[in-house]
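Me: Could we go through this model together, one question at a time? I would like to start in the core and finish at the ligands.

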Amino acid sequence: MEATQVIKVNNSVYVINMDSLIVKHFTIDEFRKISRNDSLLQELISTINGPSYLQRLKPVNDYYSSEKAIVLPSLLLSYECNYTCTYCYQKRQKENSQRITADQITGVKEFYSEYSRITGHEVEFKAVHVSGGEPFLPENKETIEKIAEVFYNKTLIFATNGTFINDYRDILSHHCHVKLWVSIDGAKEVHYLKRVPSLNSHYDDMMSGVKWAVSEGIDISIMCVFDPDYADSYSLFFDEIENLGWLRNKGINLVFLPLTSGAGCDTIESEYLDNAIAAFIKLRTTDGRAGCVDARQLMPGAIPLMKAIKRANDGLFDPYRCECLVKPSYSFTPGGLVYLCSAFEDELGCIGRYWPEVEIDLSRINLYSMRRIENMEACNNCVKKVFCNCGCAATAVDRTHDIHGIHCSIWANPTFLQHLEHFTFNDFA
Ligand code: SF4
Ligand code: SF4
Ligand code: SF4
């Protein structure tokens with residue numbers, strides 16, 4: 001793969017050397033003149049050549065200051081759910097009937113007190129993320145009441161399928177700040193294609209709950225797993241959520257997500273990715289509202305590339321694929337175990353316990369913090385490192401059973417770079 005990439009967006013052209021992270025910006029006309037003249041083109045390529053950004057730039061060192069870590073812990077209440085989605089990434093845990101109970105919630109705070117004691121870093125909670133299975137199952141009510149009590153002054157973010165929002169109105173309307181991430185895959189018929197409900201009324205219950213939440217001013221992100229085979233149906237879905245206030249109400253956001261097929265976020269199949277991007281681009285030409293959807297996650301690498309270019313302007317690069325390798329925003333699971341992030345399925349992702357006793361495996365935490373690009377010899381000379389940054393640890397550990405294992409997964413797709421122009425630079429243009 002060439003280190004030099006040309007990305008066109010609207011009337012601009014960005015020419016980037018992926019290894020040096022030097023970028024030049026032109027108008028279409030300017031670039032057209034250059035590209036027709038071999039010597040100008042060679043001159044341009046030589047101006048963006050340079051030492052690898054690993055040598056040219058300095059690593060970012062601000063994940064947390066020496067004193068304080070601002071964290072967003074994730075509480076996974078149970079693996080039980082009222083849906084049986086065909087693509088649910090928790091299938092392997094469905095037999096696990098353990099759940100986090102109300103009296104275990106204080107264990108989360110105790111875990112962080114112990115973490116502060118042994119590392120010397122004070123921990124401040126930015127927000128608390130609550131998920132499942134389905135967190136709003138009736139059985140979780142006491143636990144959620146306890147979460148709202150223990151974290152009374154913190155934002156609570158619930159990742160839910162929405163069926164039981166109405167049963168939690170009391171807690172949701174009284175808590176200081178709540179956000180809902182509601183998974184809806186389209187209008188009812190399309191939603192039910194891969195999401196199999198235990199009752200046919202779940203979709204309507206969810207819509208009624210979302211409507212109530214909007215009326216309460218609660219921020220809603222609609223998380224939709226994009227299906228390229230049904231791209232034509234999204235206009236109907238847009239109509240439906242416009243009725244809820246989407247496009248008028250800034251508190252309602254529609255996000256298209258890629259379909260993943262295993263542990264971690266690097267498990268997108270190449271064929272799906274190519275089809276999804278082609279279908280999304282077509283949808284954007286047939287229904288302008290698609291341009292208001294946050295679809296950046298459909299294109300792996302788009303967000304990391306944007307960040308990398310912004311940081312390179314400040315003389316910096318990011319040595320880590322994600323914050324969880326270095327920041328203690330851990331995932332607290334049923335049964336008392338703490339994982340680096342909720343996407344891990346391999347036991348090697350476990351870094352301690354919060355219940356019945358607090359235990360912290362500092363040596364494993366330190367091993368993960370060594371998973372930085374400069375230390376991964378196999379990745380140092382790879383021009384995809386700017387996107388991939390040694391890969392998602394949850395995916396790599398699942399495939400290699402090694403904390404420092406490498407698994408190139410989606411980045412090995414030869415076509416993925418061709419799609420970048422449609423996503424990456426919209427924020428700059
Ligand atoms: S709603 Fe979520 S947790 Fe429940 S089966 Fe579907 S993907 Fe899995
Ligand atoms: S390990 Fe990092 S990149 Fe992978 S799923 Fe977790 S947060 Fe995302
Ligand atoms: S994991 Fe593979 S694609 Fe990613 S940086 Fe390393 S060698 Fe490159």
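Me: Which residues does I147 touch, not counting residues up to four places away in sequence?

Reply: Happy to start there, with a note that this is a predicted model, where local features need pLDDT of at least 70, side-chain atom pairs count only at pLDDT 80 or more, and totals for chains, interfaces and linings use all residues. Residues are numbered from 1 along each chain as its sequence is written, while chains are lettered from A and ligands numbered from 1 in the order in which they are written. Contact is taken as C-beta atoms, placed from the backbone, within 7 Å. On that basis I147 touches L75, I105, V128, V130 and L156.

Me: Where does the largest nonpolar core lie with respect to domain 1 and domain 2?

Reply: Such a core joins buried Ala, Val, Leu, Ile, Met, Phe, Trp, Tyr and Cys residues through C-beta atoms within 7 Å, buried meaning 20 or more other C-beta atoms within 10 Å of a residue's own, all placed from the backbone. The largest one has 108 residues, and L75, I147, F280 and L340 have the most contacts inside it. Domain 1 (4-50) and domain 2 (59-316), with bounds from an automatic or database domain assignment, both contribute residues, so the core lies between them.

Me: Which strands stand at the edges of the open sheet of 10 strands?

Reply: Strands here are DSSP E runs of at least two residues, helices H or I runs of at least four, both numbered from the N terminus, and two strands pair if DSSP finds at least two bridges between them. The order is β12-β11-β10-β9-β8-β6-β14-β15-β16-β17, with mixed pairing. Each edge strand has a single partner, so one side is left without a neighbour in the sheet; these strands are β12 (252-257) and β17 (359-360).

Me: What is the bridge partner of S74 in β8?

Reply: Strand β6 (residues 74-76) and strand β8 (residues 127-131) pair in the parallel sense over 3 bridges. The partner of S74 is H129.

Me: Which elements give two or more residues to the shell around ligand 3?

Reply: A residue is counted as near when its C-beta atom, placed from the backbone, lies within 6 Å of the molecule. The residues around ligand 3 include A378, C379, K385 and C388. The elements asked for are α13 (377-380) and α14 (385-388).

Key: A residue is buried if 20 or more other C-beta atoms lie within 10 Å of its own, exposed if 12 or fewer, and partly exposed in between; C-beta atoms are placed from the backbone. Two residues are in contact if their C-beta atoms, placed from the backbone, lie within 7 Å.
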